[in-house]
Amino acid sequence: MLREHDGRWTVRQNGPSRIWDAVEAHLTRWRDAGAPPLEQFEITLTSEQPSITWPGR
């Protein structure tokens with residue numbers, strides 16, 4: 001659950017996967033790669049394993 005309160009955002013994670021942690025890690029990786037166009041990467045969400053990939057990287 002994502003919630004905003006007084007200009008601050010809080011994320012609450014449940015379940016076996018810490019999806020928000022993975023999102024933050026990939027966002028950092030994307031920024032470190034020079035923020036390539038969004039068309040160059042692919043997000044796959046499944047109940048087993050979420051993944052974010054950049055073909056050719």
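What pattern does the protein chain follow when read along the sequence? The answer is β-β-α-β-β, which comes to one helix and four strands. Bear in mind that this is a predicted model. The radius of gyration is 13 Å, well over the 10 Å that the globule rule gives for 57 residues, so the chain is more spread out than a compact globule.

**Overall shape and surface**

- Along its principal axes, the C-alpha trace spans about 40 × 30 × 15 Å.
- Buried residues account for 11% of the 57 residues in the chain.
- The accessible surface adds up to about 5000 Å², and carbon and sulfur atoms own 53% of that area.
- If you take the contacts between residues at least 6 apart in sequence, 18% of them join residues at least 24 apart.
- For a feel of distances, take Arg-8 and Pro-37: they sit 29 residues apart in sequence and 28 Å apart in space, C-alpha to C-alpha.

**The nonpolar patch**

- Leu-2, Trp-9, Val-11, Ile-19, Trp-20, Val-23, Ile-43 and Leu-45 make a nonpolar surface patch of about 790 Å².
- Two elements give two or more residues to this patch, namely strand E2 (8-11) and helix H1 (19-32).
- Which element gives the most to the patch? That's H1, with three residues.
- Val-23, one of the patch residues, lies in helix H1. Its relative accessible area is 33%, so Val-23 is partly exposed.
- Over in strand E2 you'll also find Arg-8, which counts as exposed because its relative accessibility is 64%.

**Around the start of H1**

- Gln-13 lies in the loop between E2 and H1, and its side chain makes two backbone contacts worth a look.
- One goes to the backbone nitrogen of Ile-19, at 3.3 Å, and the other goes to the backbone nitrogen of Trp-20, at 3.1 Å.
- Which residues does Gln-13 contact once its neighbours within four places in sequence are left aside? They are Arg-18, Ile-19, Trp-20 and Asp-21.
- Two of those residues, Ile-19 and Trp-20, also belong to the nonpolar patch.

**Charge pairing**

- As a reminder, side chains of opposite charge can pair when their charged atoms come close.
- How many salt bridges does the count come to? The tally is one salt bridge.
- The partners are Asp-21 and Arg-18, with their closest N and O atoms 2.9 Å apart.
- Is Asp-21 buried or partly exposed? Asp-21 counts as partly exposed, because its relative accessibility is 35%.
- Both salt-bridge partners, Arg-18 and Asp-21, are also in contact with Gln-13.

**Positive phi in the loops**

- Asp-6 isn't a glycine, yet it has a positive phi of about 55°.
- You'll find Asp-6 in the loop between strand E1 (2-5) and E2. With a relative accessibility of 69%, Asp-6 counts as exposed.
- Ala-35 isn't a glycine either, and its phi is positive at about 55°.
- Where does Ala-35 lie? Ala-35 is in the loop between H1 and strand E3 (42-44).
- Ala-35 has a relative accessible area of 36%, so it is partly exposed.

How values were computed:
Residues numbered from 1 in each chain as written. Predicted model: local features only at pLDDT ≥ 70, side-chain atom pairs only at ≥ 80, totals over all residues. Heavy atoms only, no water. Patch = residues over 30% accessible without salt bridge, like charges linked within 9 Å, V, L, I, M, F, W, Y side chains within 5 Å. Areas by Shrake-Rupley, 256 points an atom, 1.4 Å probe, with all protein chains shown as cover. Salt bridge = Lys/Arg side-chain N within 4 Å of Asp/Glu carboxyl O. Buried < 20%, exposed > 50% of the residue type's maximum accessible area, 1.4 Å probe, protein only. Rg over C-alpha atoms; globule rule 2.2 N^0.38 Å. Contact = heavy atoms within 4.5 Å. Polar contact = N/O pair within 3.5 Å; in protein donor to acceptor, adjacent residues only side chain to side chain.
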